[in-house]
Amino acid sequence: AIAKDPKNNAYYYYKAMMLEKNNDMEGALAMFKQVLEFTPNDFSANFNTGVLYSRQAEKLRQVLNEIPYKEQERYDKTLQEMESNYLESVKYYEKALEIQPANLDVLEVLKNIYFYFRDKQDGMMSKYETIKAKIDAMSADANMTQQRLQSM
């Protein structure tokens with residue numbers, strides 16, 4: 001299908017999903033990035049690209065937990081790679097949030113990543129506080145709506 005219609009981003013999107021299901025994360029990333037070449041404001045492609053980078057980071061976090069204490073150099077290298085994947089995911093999550101500013105899934109993921117990097121990267125604590133305030137406000141609004149509905 002891609003060979004017959006190489007400008008149809010839906011084909012790349014579905015191929016990315018199939019590659020991800022088959023645990024070909026590199027291939028899936030390449031396909032999602034191809035979708036973003038055609039449609040940079042595609043929420044799903046941005047969000048899923050962020051998810052793939054986050055999953056790679058989580059796999060590296062598991063590796064970190066298994067590295068013996070004596071292997072500090074290996075630990076440091078793996079930690080750096082893990083953090084690099086998380087930071088790469090941020091730009092895709094932030095773009096997804098720009099497209100859907102009230103998406104709670106994106107807000108929660110970014111809140112957690114910003115919190116992790118709060119002392120490691122300039123500006124992350126500020127971003128964390130902004131996102132947390134937005135989530136808290138959304139939660140308060142939802143609670144008020146629920147109370148109004150219950151009082152009817």
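Let me start with a pair of helices: the axes of α3 and helix α5, the latter covering residues 104-116, come within 12 Å of each other and cross at roughly 40°. That angle makes α3 oblique to α5, and the handedness of the crossing, as α3 passes α5, is left-handed. I should say at once that what we are looking at is a predicted model, and every value I quote this morning is computed from it.

With that pair in mind, let me step back to the whole chain. The protein has six helices and zero strands, and read from the N terminus its elements simply run α-α-α-α-α-α. As for its dimensions, the C-alpha atoms fill a box of roughly 55 × 55 × 25 Å when taken along the principal axes. The radius of gyration is 19 Å, whereas a compact globule of 152 residues would have one near 15 Å. Of those 152 residues, 34% count as buried.

Now, back to α3, and to another of its neighbours. How do the axes of α3 and α4 cross? They come within 8 Å and cross at roughly 160°, and because angles over 145 degrees count as roughly antiparallel, α3 and α4 are described as roughly antiparallel to each other. Here too the crossing is left-handed, with α3 passing α4. If we sort the residues of this contact by class, we find 16 nonpolar, eight polar and six charged residues between α3 and α4.

Let me turn from helix axes to side chains, and in particular to the salt bridges, of which the count comes to 10 in this model. I will take three of them, beginning with Glu20 and Arg55, whose closest N and O atoms are 2.1 Å apart. Glu20 lies in helix α1 and Arg55 in helix α3, which spans residues 43-66, so this pair ties together parts of the chain that are 35 residues apart in sequence. Are the two partners buried or exposed? Glu20 is buried, with a relative accessible area of 12%, while Arg55 is partly exposed, with a relative accessible area of 39%.

The second pair is Glu71 with Arg74, a salt bridge in which the closest N and O atoms are 2.8 Å apart. Glu71 counts as partly exposed at 32% relative accessibility, and Arg74 is likewise partly exposed, its relative accessible area being 40%.

The third pair brings us to helix α4, residues 72-99, where Lys95 and Glu98 are three residues apart and therefore separated by about one helical turn. Their side chains meet in a salt bridge, with 3.2 Å from N to O. Glu98 itself is exposed, with a relative accessible area of 56%.

Next, a short remark on the backbone near the start of the chain. Which residue there has a positive phi although it is not a glycine? It is Asn23, with a phi of about 60°, and this residue is found in the loop between α1, residues 9-21, and α2, residues 25-38. Asn23 counts as exposed, because its relative accessibility is 59% and the cut-off for that class is over 50%.

Finally, I would like to compare two separations that share Met124 as an end point, since they help in following the C-terminal part of the model by eye. Ile113 lies in helix α5 and counts as buried, at 5% relative accessibility. The C-alpha atoms of Ile113 and Met124 are separated by 8.6 Å, with the two residues 11 apart along the chain. In the other direction we have Ala140, which is found in helix α6, residues 124-150, and which counts as partly exposed at 36% relative accessibility. Ala140 and Met124 are 16 residues apart along the chain, and their C-alpha atoms are separated by 24 Å.

To close, let me return to the helix that has kept coming up, which is α3. It is oblique to α5, it is roughly antiparallel to α4, and through Arg55 it takes part in the salt bridge with Glu20 of helix α1. All of this, I would repeat, is read from a predicted model.

Conventions
Residues numbered from 1 in each chain as written. Predicted model: local features only at pLDDT ≥ 70, side-chain atom pairs only at ≥ 80, totals over all residues. Heavy atoms only, no water. Helix = DSSP H or I, 4+ residues; strand = E, 2+ residues; numbered from the N terminus. Buried < 20%, exposed > 50% of the residue type's maximum accessible area, 1.4 Å probe, protein only. Salt bridge = Lys/Arg side-chain N within 4 Å of Asp/Glu carboxyl O. Axes fitted to C-alpha atoms, helices over the stretch in contact; angles between N-to-C directions. Parallel < 35°, antiparallel > 145°, perpendicular 65-115°, else oblique. Left-handed = near helix turned anticlockwise from the far one by under 90°. Nonpolar A, V, L, I, M, F, W, Y, C, P; charged D, E, K, R; others polar. Rg over C-alpha atoms; globule rule 2.2 N^0.38 Å.
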